[in-house]
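Trainee: I would like to learn how to read a single-chain model, from overall numbers down to individual residues. Where do we start?

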Amino acid sequence: MARNVEAVLFDLDGVLVDSEPVWSIAEREITEWLGGTWGPQVKAALVGNALDEASRLLLEFTGADRPVSEVAARLGSRIAELFEADGGLTVQAGAAELLAGLRAEGVPLALVSSSSRRLVEAALRLVGREHFQVTIAGDEVTERKPLPAPYLKAAAHLGVDPARCVVIEDSPTGVRAGEAAGCVVVAVPDHQLVTIPPGPRRHVVASLAAVEPAWLLSLAA
């Protein structure tokens with residue numbers, strides 16, 4: 001029987017690795033360095049954004065007069081230190097099992113992240129780069145999420161139709177990117193940070209541990 005799904009395209013932060021606590025440490029430090037006060041509103045706004053956009057938002061929240069490039073460099077350096085530290089990252093529940101199950105089915109997989117290549121490489125050492133035929137980092141594309149370009153690039157590299165791809169995301173920014181690319185989206189939001197409702201060609205699950213490969217591969221039409 002023909003398979004509906006040609007490929008599965010994974011976000012990284014919050015989907016495969018539990019990196020939001022690491023990002024929160026660095027974001028809080030940078031917020032305080034800029035003279036601002038950290039809080040849930042700031043965190044929710046930053047989820048899923050690339051480094052430069054997160055830095056711009058921090059400047060907006062704090063009202064500090066600093067170049068975005070300076071803030072991004074400081075934030076990126078601190079996050080990289082935390083990513084590369086022993087015990088800095090953990091794999092999300094169900095991620096290893098889902099990756100192994102899809103790989104056993106011979107499904108092409110891509111990793112499509114807004115994080116820099118340095119952060120992606122640190123996470124791949126934990127998650128396992130052998131699962132992915134394609135990996136795309138945020139500093140390797142000119143148009144970033146929520147624009148569809150990163151996911152369209154991944155589909156093109158895999159030689160598959162975006163409409164027959166499933167994107168797995170945890171943030172509204174990433175969901176918009178996947179949907180704009182024409183993919184089916186499975187959202188795995190951290191409900192303490194963001195709310196993502198279900199919608200046309202969008203499914204919401206509590207955890208990757210609840211996702212079976214057979215169900216995932218039945219989604220795209």
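Mentor: Start with one loop residue, and keep in mind that this is a predicted model. Arg201 sits in the loop between strand S5 (184-187) and S6.

Trainee: What is the sign of phi at Arg201, and near what value does it lie?

Mentor: Phi of Arg201 is positive, near 60°, in a residue other than glycine.

Trainee: Is Arg201 buried, partly exposed or exposed?

Mentor: Burial is read from relative accessible area, where under 20% is buried and over 50% is exposed. Arg201 has 36%, so it counts as partly exposed.

Trainee: Which element holds Arg202, and how is Arg202 classed?

Mentor: Arg202 belongs to strand S6, residues 202-204. Its relative accessible area is 18%, so Arg202 is buried.

Trainee: What lies 2.7 Å from a polar atom of the Arg202 side chain?

Mentor: That is the backbone oxygen of Pro197. Apart from neighbours within four places in sequence, Arg202 is in contact with Val175, Glu179, Val185, Ile196 and Pro197.

Trainee: Which peptide bond is cis?

Mentor: Omega is the angle to read for this. The bond from Lys145 to Pro146 is cis, with omega near 15°. Pro146 is placed in the loop between strand S3 (134-136) and helix H7 (149-158).

Trainee: How many helices and strands does the chain have?

Mentor: The secondary structure comes to nine helices and six strands.

Trainee: How does the radius of gyration of the chain agree with that of a compact globule?

Mentor: The general idea is to set the value beside the one expected for the chain length. For 221 residues a compact globule would have a radius of gyration near 17 Å, and the chain has 17 Å, so the two agree. Along the principal axes, the C-alpha atoms fill a box of roughly 60 × 35 × 30 Å.

Trainee: What share of the residues counts as buried, and what share of the accessible surface belongs to carbon and sulfur atoms?

Mentor: Of the 221 residues, 51% count as buried. The accessible surface comes to about 9700 Å², and 52% of that belongs to carbon and sulfur atoms.

Trainee: How far apart are the mean positions of the positive and negative charges?

Mentor: They are 2 Å apart, for 19 positive and 29 negative charges.

Trainee: What share of contacts joins residues at least 24 apart in sequence?

Mentor: Among contacts between residues at least 6 apart in sequence, the share is 64%. Take Val8 in strand S1, residues 7-10. Val8 is buried, with a relative accessible area of 0%. Beyond neighbours within four places in sequence, its contacts include Leu102, Val107, Val166, Ile168 and Leu216.

Trainee: How far is Val8 from Arg66 in sequence and in space?

Mentor: They are 58 residues apart in sequence and 39 Å apart in space, C-alpha to C-alpha.

Trainee: Where is Ser55, and which residues is Ser55 in contact with?

Mentor: Ser55 is in helix H3, residues 51-62. Its relative accessibility is 0%, so Ser55 counts as buried. Leaving aside neighbours within four places in sequence, Ser55 is in contact with Val68, Val71, Ala72 and Leu75.

Trainee: Is Val127 buried or exposed?

Mentor: Val127, in helix H6 (residues 117-127), is buried, with a relative accessible area of 12%. Outside four places in sequence, Val127 is in contact with Leu16, Val17, Leu99 and Phe132.

Definitions and conventions. Residues numbered from 1 in each chain as written. Predicted model: local features only at pLDDT ≥ 70, side-chain atom pairs only at ≥ 80, totals over all residues. Heavy atoms only, no water. Helix = DSSP H or I, 4+ residues; strand = E, 2+ residues; numbered from the N terminus. Buried < 20%, exposed > 50% of the residue type's maximum accessible area, 1.4 Å probe, protein only. Polar contact = N/O pair within 3.5 Å; in protein donor to acceptor, adjacent residues only side chain to side chain. Contact = heavy atoms within 4.5 Å. Rg over C-alpha atoms; globule rule 2.2 N^0.38 Å. Areas by Shrake-Rupley, 256 points an atom, 1.4 Å probe, with all protein chains shown as cover. Lys, Arg positive; Asp, Glu negative; His and termini not counted. Charge placed at Lys NZ, Arg CZ, Asp CG, Glu CD.
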